[in-house]
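Q: I would like to learn how to read the open and closed spaces in a protein model, together with whatever occupies them. Could we work through an example step by step?

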Amino acid sequence: MRERIFSGAQPTGQLHIGNYLGALKNWVELQDDYESIFCIVNLHAITLPQDPASLRKATLDLARIYLAAGVDPAKSTIFIQSDVPQHAELAWTLSCIARMGELERMTQFKDKGKGNTERAGVGLFTYPILMASDILLYQTDLVPVGQDQKQHLELTRDLAERFNRDYGETFKVPEPYIPKAGASIKSLQDPEKKMSKSDENANGSIFLLDDPDTITKKIKRAVTDSGTDITFDETRPAITNLLTIFQLLTGKTGEECVAHFEGKGYGHFKTELAEVTVEFLKPFQARVKEYDEESLKAILSAGAEKARQIAAETLRSVYKQMGIN
Ligand code: TYM
């Protein structure tokens, strides 16, 4: 039996190069060696207000992005979270063993709730429990995600271990898979902040569907640090971030990248980075348009069918262990 990976992304805002380099790129690389399940987490999306028509469209568009990135429906299962009702059911069950204190420590809740716990939605607070349910339902071995999801993965492991201890061995305890390079791609406008879908400043992110002119302008306007060398240097986060993007898009090693730009200035570097990014995204964007709605829905419905079988089996044993049914 091959080991299993599970991951997902939210159909909110536009996906950016950070989502691709931190997550999707690794899904595609891992799908040959693991049994792979990739979910479009539309139930997570509604933890913040969404326009219904836009959410419906974004859900299908995200499936297009998965496919364009190289997730292969012949190898991997792709499905929409709400098509598998066991996610919400297990989330309720796990919410009965999760603790207020451990959820209060989640930094993403603090960020997204903007510190206003009185007004923040309850769903935003319990969001990590739904995420734990996504992962645990599939008896997942490995979860490829960016750095910002690490804390949620730790909670997932804690919940699995607690359940196994209190009710008997039921869940596999999953490991995170966080890439060495690209786990936290930073904003082009502020290298102290991660590149984020919800950033008000669109110049901070390269969106996967940006046109060539926009990409080139954003890279030209990217902030730089003091100093002139094009090298990886912890004390110069802006150039380190841009060089990391260059490295991951070209597949070169870090040393090769540094050697490539030796003696060259920022102007030259940014021009080349813009070219590489545009060349990478062109065929990607062409692939996004390849799927008509009918074939997309067929892929998603086959995916949901497969996912439901695994999810139903896990939920059955959870209920049995707890004395439900
Ligand atoms: P989401 O939709 O915010 O992001 C999708 C994936 O992209 C990664 N990512 C980044 N990686 C590198 N640099 C960045 N700047 C960057 N920004 C985002 C994220 O770490 C993520 O891997 N809660 C999750 C979705 C989710 C999930 C799951 C993931 C729900 N259930 C189960 C894995 C397993 C989220 O909001 O990701």
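Q: Where does the ligand sit?
A: This is a predicted model, in which local features need pLDDT of at least 70 and side-chain atom pairs count only at pLDDT 80 or more, while totals for chains, interfaces and linings use all residues. Residues are numbered from 1 along each chain as its sequence is written, and side-chain values use heavy atoms, with hydrogens and water left out. A pocket is an open set of points, on a 1 Å grid over the protein atoms alone, with protein on both sides within 12 Å along at least five of seven lines; a molecule sits in it if more than half of its atoms lie within 2 Å of its grid points. Here the ligand sits in the largest pocket.

Q: Which residues line the largest pocket, and which lie nearest its centre?
A: Lining residues have an atom within 4 Å of a grid point, and a volume is the space filled by probe spheres set on the points, which are joined across faces, edges and corners. The largest pocket holds about 1300 Å³ of space and is lined by 47 residues, with Gln108, Lys112, Asp148, Lys194 and Ser196 nearest its centre. Helices (H or I, at least four residues) and strands (E, at least two) are DSSP runs numbered from the N terminus; α1 gives the most to this lining, with six residues.

Q: Which residues are closest to the ligand?
A: A residue is near a molecule if one of its heavy atoms lies within 4 Å of it. By that criterion 28 residues surround the ligand, the closest being Gln10, Tyr127, Asp134, Asp148 and Ile185. The shell divides into 12 nonpolar, 12 polar and four charged residues, where Ala, Val, Leu, Ile, Met, Phe, Trp, Tyr, Cys and Pro count as nonpolar, Asp, Glu, Lys and Arg as charged, and the others, Gly among them, as polar.

Q: Which atom of Gly146 lies 2.9 Å from an oxygen atom of the ligand?
A: A polar contact with a ligand is a pair of N or O atoms within 3.5 Å. For Gly146 the atom is a backbone N or O; in addition, an N or O atom in the side chain of Asn19 is 3.1 Å from a ligand oxygen, and a polar backbone atom of Gly18 is 3.2 Å from a ligand nitrogen. Taken alone the ligand exposes 720 Å², of which the protein buries 97%, with areas from the Shrake-Rupley method and a 1.4 Å probe.

Q: How many cavities of 30 Å³ or more does a search of the whole structure find?
A: In a cavity, a 1.4 Å probe fits but cannot get out. The search finds three of 30 Å³ or more, and the largest has a volume of about 50 Å³. Gln108, Phe109, Lys112, Leu124, Tyr127, Pro128 and His152 line the largest cavity, to which α6 (107-112) and α7 (122-137) each supply at least two residues.

Q: What is the sign of phi at Gln139?
A: Most residues other than glycine have a negative phi. Gln139, although not a glycine, has a positive phi of about 50 degrees, and this residue lies in the loop between α7 and β4 (142-144).

Conventions:
A polar contact is a pair of N or O atoms within 3.5 Å; within protein, one must be able to donate a hydrogen and the other to accept it, and residues adjacent in sequence count only if both atoms are side-chain atoms.
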